[in-house]
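The following exercises concern the sheet of a protein model and the surroundings of its ligands. Each task is followed by a solution in steps.

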Amino acid sequence: MTVSAPVLAAPAAEPVLRRPSLVGRTRVGLAEALAEIGVPEKETRMRVGQLWNWIYHYGVRDFSAMTTIGKGLRAQLAEHFTLDLPEVTAEQVSSDGTRKWLIRMAPTGPRDRGAEIECVYIPEVDRGTLCVSSQVGCTLTCTFCHTGTQRLVRNLTTEEIVAQLMVARDRLGDFPGRTPPEGAFVPSDGGRFVSNIVFMGMGEPLYNFDGVRDAIAVISDDQGLSLGRRRITVSTSGVVPQIGPLGDEMGTMLAISLHAVRDELRNELVPLNKKYPIKDLLEACRTYPGLSNAKRITFEYVMLKGVNDSDAEARELVRLLKGIPAKINLIPFNPWPGTRYECSDWERIERFSEIVFRAGYASPVRTPRGRDILAACGQLKSETEKLSARARLMLEQGEVEQSTALAG
Ligand code: SAH
Ligand code: SF4
């Protein structure tokens, strides 16, 4: 496959704490910003509505474009805040149209250079899916997942989660009046470029419950980004106590990273299983709020050669899920440097899928996307350390303006 040359931005000099950005804020967050600059309380609701519309519906990047707001207030806003999006430090476009952005979040303090996360856009015929991260890294250590090997871990803020969608729409020209970049997939039905969101990037979303919940409220608000909750899927490795609250408070679709049908093996693949074994996990699924045939749970099952891919395991999978409105998503394992696993052979995956299909489940095998840019599931890993080392070298060599390969 061909890969476009990723573009690496010049490394940040000493981090400077800037005016805060309003992008990504909830309505409450915007109201606080207005209070800070002395906007009278009786105006707050109206002003928040105006800001909301400009920021999330139109995606404007400059206060001066907010023509429904008086010049005086616009100037005041610009003096104290920005509409900056986090910096995209690298962009890669796969030959299949998948786009991966490496996004550097604004520094949170004087010593912070800004955490980096990855965000992937996957265009398909009938939809465009954005795979977002909920944390920098992940504290869980699933043995087949690249993210789990990363040392630096923190929760992303609500703003940082929302910002991933804002960056994607900005880059794709997916706001009214904007032009998409050359070669971009353009929805033929006039729909949005990003029609679906999956929390399948870095991190365990249910370990960042409040951040994810508030971000989903912003993203699904129909006065702004308008992405319906049925088009948002939260994937969890099985944080059982938070599954019910997820349904109650977020009302999104649920995906469970199951990957094994016996506790012994799942303990090894998904160590969180030792705390919340399969039986408890499936019980939480059975009682997931809003569950119905129209709102099924997706069970993800990564195909690992000789580990979890036998006929007997396929049959056991079907038996376990009996009575739960479910879809089964077989994911070919995406290898990464240093992994001990291999992807099951294609015939094995087909055979496994056939058993599941015969039992009445649609069992699409997820086509690996963006493999050439290491953007497929489980390959998201920020290159912070690698980048900064390389950036230092480039600085020393006076080559900061040059492009360089990121994943190479
Ligand atoms: N932490 C959450 C969400 C992020 S992981 C979770 O585990 O569900 C998103 C999905 O990618 C999960 O199903 C995860 O198990 C899967 N995954 C991780 N590494 C993978 C790999 N190397 N190949 C294929 N799928 C992988
Ligand atoms: Fe974390 Fe999910 Fe990767 Fe497990 S599979 S380490 S929970 S990101």
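**Exercise 1.** Determine which strands helix 5 lies across, and how the helix is oriented relative to strand 8.

*Solution.* In this predicted model, helix 5 comprises residues 209–220. The helix lies across strand 7 (196–199) and strand 8. Its direction makes an angle of about 165 degrees with that of strand 8.

**Exercise 2.** Establish the strand order of the sheet and explain why strand 1 and strand 11 each have one side without a neighbour.

*Solution.* Step 1: the open sheet consists of nine strands, arranged as 1-2-3-4-7-8-9-10-11, with mixed pairing. Step 2: strand 1 (87–93) and strand 11 are located at the edges, and each has a single partner strand, so one side of each lacks a neighbour in the sheet. Step 3: from one strand to the next, the twist averages 20 degrees.

**Exercise 3.** Describe the pairing of strand 1 with strand 2, and that of strand 10 with strand 11.

*Solution.* Step 1: strand 1 and strand 2 (residues 99–104) run antiparallel and are joined by six bridges. Within this pair, Glu-91 has Trp-101 of strand 2 as its bridge partner. Step 2: the hairpin formed by strand 1 and strand 2 has five residues between the strands, and Gly-97 in this hairpin adopts a positive phi near 95 degrees. Step 3: strand 10 and strand 11 pair in the parallel sense, over seven bridges. Here Val-302 is opposite Ile-331 in strand 11.

**Exercise 4.** Characterise the shell around ligand 1 and identify its polar contacts with Phe-144, Gly-203 and Ser-235.

*Solution.* Step 1: the shell has 22 residues, of which Gly-203, Ser-235, Ser-257, His-259 and Asn-334 come nearest. By class, 11 are nonpolar, nine polar and two charged. Step 2: strand 8 (232–236), strand 10 (297–303) and strand 11 (326–332) each contribute at least two residues to this shell. Step 3: applying the 3.5 Å cut-off for N or O pairs, one finds a backbone N or O atom of Phe-144 at 3.1 Å from a nitrogen atom of ligand 1. A backbone N or O atom of Gly-203 is 2.9 Å from a nitrogen atom of the ligand, and a polar side-chain atom of Ser-235 is 2.6 Å from one of its oxygen atoms. Step 4: ligand 1 taken alone exposes 540 Å², of which the protein buries 95%.

**Exercise 5.** State which residues surround ligand 2 and classify them.

*Solution.* Step 1: the surrounding residues are Cys-138, Leu-140, Cys-142, Cys-145, Gly-148, Gly-203 and Ser-237. Step 2: four of the shell residues are nonpolar and three are polar, with no charged residues.

Technical notes. Residues are numbered from 1 along each chain as its sequence is written. Chains are lettered from A and ligands numbered from 1 in the order in which they are written. This is a predicted model: local features need pLDDT of at least 70, side-chain atom pairs count only at pLDDT 80 or more; totals for chains, interfaces and linings use all residues. Side-chain values use heavy atoms; hydrogens and water are left out. A residue is near a molecule or strand if one of its heavy atoms lies within 4 Å of it. A polar contact is a pair of N or O atoms within 3.5 Å; within protein, one must be able to donate a hydrogen and the other to accept it, and residues adjacent in sequence count only if both atoms are side-chain atoms. Accessible areas come from the Shrake-Rupley method with a 1.4 Å probe; for residues, only the protein chains shown count as cover. Helices (H or I, at least four residues) and strands (E, at least two) are DSSP runs, numbered from the N terminus. Ala, Val, Leu, Ile, Met, Phe, Trp, Tyr, Cys and Pro count as nonpolar, Asp, Glu, Lys and Arg as charged, and the others, Gly among them, as polar. Two strands pair if DSSP finds at least two bridges between them. Axes are lines fitted to C-alpha atoms, for helices over the stretch in contact, and angles run from 0 to 180 degrees between N-to-C directions. Contact means heavy atoms within 4.5 Å.
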